[in-house]
Amino acid sequence: MDNTMYEGGASAYLIRPTRRRSGEGPRAIVGVTGGIGAGKSSVTTALAGLGAVIADADKIAREVVDPGTEGLALLVQRFGRTILTDDEVLDRARLAALVFDDPAARQALNEITHPLISDRAWSILNGAPQGSLAVYDVPLLVENGYAELFDAVIVVDAPIDSRLDRLAERGLSRADALRRINAQATLEQRRAVASIWIDNAGSRKDLVELMLRMHGAWL
């Protein structure tokens with residue numbers, strides 16, 4: 001098996017093979033992670049286009065605190081009604097400001113939301129059709145010690161200048177982008193758990209073509 005693939009400016013390296021499951025359900029459950037701005041969502045989107053079932057942690061995190069949910073009720077109980085807008089919707093900026101410099105409040109937030117996100121995500125993943133590929137798009141996979149839960153872990157990386165350019169397009173200043181990058185797991189920590197390492201240094205077309213080849217050969 002060829003352990004390295006190149007497509008334009010993008011490349012992928014197979015560090016360890018994907019485990020395969022038997023019986024009902026997906027043939028493999030894969031975690032996808034990477035630093036902010038590296039292109040993790042683009043990888044997940046490409047896999048979805050190839051038929052994978054996707055659980056998106058960021059999307060689920062929003063859904064579990066929608067109006068009328070248990071998650072929102074628990075947040076209001078813990079932090080008060082000041083975290084709601086006039087329309088009874090969660091004011092995410094207000095909540096973020098409350099927990100930013102308060103470790104106890106941040107832990108309380110995580111204790112409320114993380115179990116709800118995990119339950120929803122694993123319901124999606126375990127419910128994937130027979131023989132399909134199930135993918136969990138989870139930014140803090142390494143930081144939260146989730147690697148052992150998966151049959152393979154795909155780590156997406158990119159040159160720092162490319163990441164800063166992408167984050168600038170999202171409206172983040174260079175200082176804020178660097179602060180967020182430095183707060184995440186290191187390259188060494190990610191390499192320690194990676195099954196497949198993707199260097200996303202090319203165009204989006206390069207990445208899509210690379211994912212097509214990688215999916216057929218390694219996943």
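Me: Which residues lie nearest the centre of the largest pocket?
Reply: Happy to start there! This is a predicted model, and its largest pocket has a volume of about 2000 Å³. The lining of that pocket is made by 48 residues. Those that lie nearest the centre are D58, P139, L140, R180 and Q184.

Me: Which element gives the most to the lining of the largest pocket?
Reply: Good one to check on the structure. Several elements give two or more residues to this lining, among them α1 (40-49), α2 (57-63), β5 (133-137) and α7 (174-183). With seven residues, the one that gives the most is α5.

Me: How many residues of the lining of the largest pocket are charged?
Reply: Let's split the lining by residue type. It holds 20 nonpolar residues and 15 polar ones. The charged residues number 13.

Me: At what angle does α5 run to β5?
Reply: Find α5 (103-126) in the model, then look at the strands it lies across. These are β3 (28-34), β4 and β5. Relative to β5, the helix runs at about 160°.

Me: Which strands are the edge strands of the sheet?
Reply: Try following the strands across the sheet. It is an open sheet of seven strands with mixed pairing, in the order β1-β2-β7-β6-β3-β5-β4. Neighbouring strands are turned by 20° against each other on average, direction ignored. A strand at the edge pairs on one side only, and that describes β1 (4-7) and β4 (53-56).

Me: Do β1 and β2 run parallel or antiparallel, and which residue stands opposite Y6?
Reply: Four bridges join β1 to β2 (residues 10-14), and the two strands run antiparallel. Their hairpin has two residues between the strands, and G8 takes a positive phi near 60° there. As for Y6, its opposite in β2 is S11.

Me: What is the bridge partner of V156 in β7?
Reply: Here the strands to look at are β6 (residues 152-157) and β7 (residues 196-200). They pair in the parallel sense, over four bridges. Within β7, V156 has as its bridge partner I198.

Me: Why is the protein chain said to be as compact as a globular protein of its length, and what is its radius of gyration?
Reply: The chain has nine helices and seven strands. For 219 residues the globule rule gives 17 Å, and the chain's own value is close to that, so it is as compact as a globular protein of that length. Along its principal axes, the C-alpha trace spans about 55 × 45 × 30 Å. The radius of gyration of the chain is 18 Å.

Methods
Residues numbered from 1 in each chain as written. Predicted model: local features only at pLDDT ≥ 70, side-chain atom pairs only at ≥ 80, totals over all residues. Heavy atoms only, no water. 1 Å grid on protein atoms, 1.4 Å probe; cavity = no way out; pocket = protein on both sides within 12 Å on 5 of 7 lines; lining within 4 Å. Points joined across faces, edges and corners; volume = space filled by probe spheres on them. Nonpolar A, V, L, I, M, F, W, Y, C, P; charged D, E, K, R; others polar. Pairing = 2+ DSSP bridges. Axes fitted to C-alpha atoms, helices over the stretch in contact; angles between N-to-C directions. Contact = heavy atoms within 4.5 Å. Rg over C-alpha atoms; globule rule 2.2 N^0.38 Å.
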